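Please study the sequence and the three-dimensional model shown below before reading on. The briefing then takes up selected features in turn.

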Amino acid sequence: VYARFRRLHDEGCFLIPNPWDAGTAVALASLGFPALATTSAGFSFSKGLPDSLAVLSVDDALRHITDIVEAVSLPINADFQAGYAADLDEMARNVTRCVATGVAGLSIEDATGDAQEPLFELSEAAERIAAARSAINESGVDVVLTGRAECFLYDHPDPLTESIRRLQAYADAGAEVLFAPGIRVREDIATLVDAVRPFPVNVLMSTHTGLTTTDLAQLGVRRISVGSALSRVTWGAFLNAAREM
């Protein structure tokens, strides 16, 4: 499963949808997707919680990730937020625990959860990626590490330039896949993909942007995720039906 997931990042473009429980994972696996990714937001919604870094504990996250890994035979990429710890050593221990669930990949983001200082300083964020990389290496399991720059999700004056700067640093620190959630404009995506070559880029398509899978593949995007989109579609249908009743 580890080698299969890594090979998906070697060439082409693939869609990695995001289930939020074992049932949705089984349903997506039955449709023939090559891999799945967890969504912390979708899981939070299923628990009646908001999409916030503060609402889930690492134990909650690990139980959830384990449920999805055990439900299907596909490679699973874990949305591991910021490692569920500000302390570097604690974050590394949490990454080790995440690897032990059987995931084929995991992502670490640079959001702090603090409204005043929403992003870790670049040097600290890169150090956190390096610590995650070391934890994975020490585990002896071939897990793919994704580095996430969250600049587009916050009120950053120049999110594209800052995302590129951060993702290049995360690649240097040991990230193998690069991800700037919130990037939506065709030209921005092309610029980012170009700037971080040859590293594979994940693009989040959680709302309708007018871009198709073919468009993103032509821009050089390697992996497309949908975040909490499927969860939100489901909640919308559920609430509409409930209102009609």
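The points below concern the largest pocket, one strand with its neighbours, and one leucine residue.

The model is predicted. Its largest pocket has a volume of about 680 Å³, and 37 residues line that pocket. Strand β7 contributes to the pocket lining and also pairs in the parallel sense with β6 and with β8.

**The largest pocket**

- Rolling a probe the size of a water molecule over the atoms reveals where empty space is left.
- Of the 37 lining residues, those nearest the centre of the largest pocket are A41, D51, R148, L153 and L204.
- Two or more lining residues come from each of these elements: α3 (40–46), β3 (76–79), β4 (105–109), β7 (201–204) and β8 (223–225).
- The largest share of the lining is given by β3, with three residues.
- Sorted by class, the lining of the largest pocket holds 16 polar, 13 nonpolar and eight charged residues.

**Strand β7 and its neighbours**

- Are the residues on the two faces of β7 buried or exposed? On one side V201 and V203 are buried, and on the other side N202 and L204 are buried, so that both faces of β7 are covered, given that buried means under 20% relative accessible area.
- Strand β6, which spans residues 177–179, pairs with β7 in the parallel sense over two bridges.
- Within this pairing, V201 of β7 is the bridge partner of L178.
- Between β6 and β7 the chain passes through helix α8 (residues 186–195), and this β-α-β crossover is right-handed.
- The pairing of β7 with β8 is also parallel, and it runs over three bridges.
- Here V203 has I224, in β8, as its bridge partner.
- A right-handed β-α-β unit is formed by β7, helix α9 (residues 213–218) and β8.

**Residue L62**

- Where is L62 found? L62 belongs to helix α4, which covers residues 58–71.
- Why does L62 count as buried? The relative accessible area of L62 is 7%, and a residue is buried if this value is under 20%; L62 is therefore classed as buried.
- Leaving aside residues up to four places away in sequence, L62 touches F80, R97, C98 and T101.
- L62 and A100 are separated by 38 residues in sequence, and their C-alpha atoms are 9.5 Å apart in space.

Conventions
Residues are numbered from 1 along each chain as its sequence is written. This is a predicted model: local features need pLDDT of at least 70, side-chain atom pairs count only at pLDDT 80 or more; totals for chains, interfaces and linings use all residues. Side-chain values use heavy atoms; hydrogens and water are left out. On a 1 Å grid over the protein atoms alone, a cavity is a set of points where a 1.4 Å probe fits but cannot get out, and a pocket is an open set with protein on both sides within 12 Å along at least five of seven lines; lining residues have an atom within 4 Å of a point. Grid points are joined across faces, edges and corners, and a volume is the space filled by probe spheres set on the points. Helices (H or I, at least four residues) and strands (E, at least two) are DSSP runs, numbered from the N terminus. Ala, Val, Leu, Ile, Met, Phe, Trp, Tyr, Cys and Pro count as nonpolar, Asp, Glu, Lys and Arg as charged, and the others, Gly among them, as polar. Buried means under 20% relative accessible area, exposed over 50%, partly exposed in between (1.4 Å probe, protein chains only). Contact means heavy atoms within 4.5 Å. Two strands pair if DSSP finds at least two bridges between them. A crossover is right-handed if, with the strands pointing away from the viewer, the path from the first strand over the helix to the second runs clockwise.
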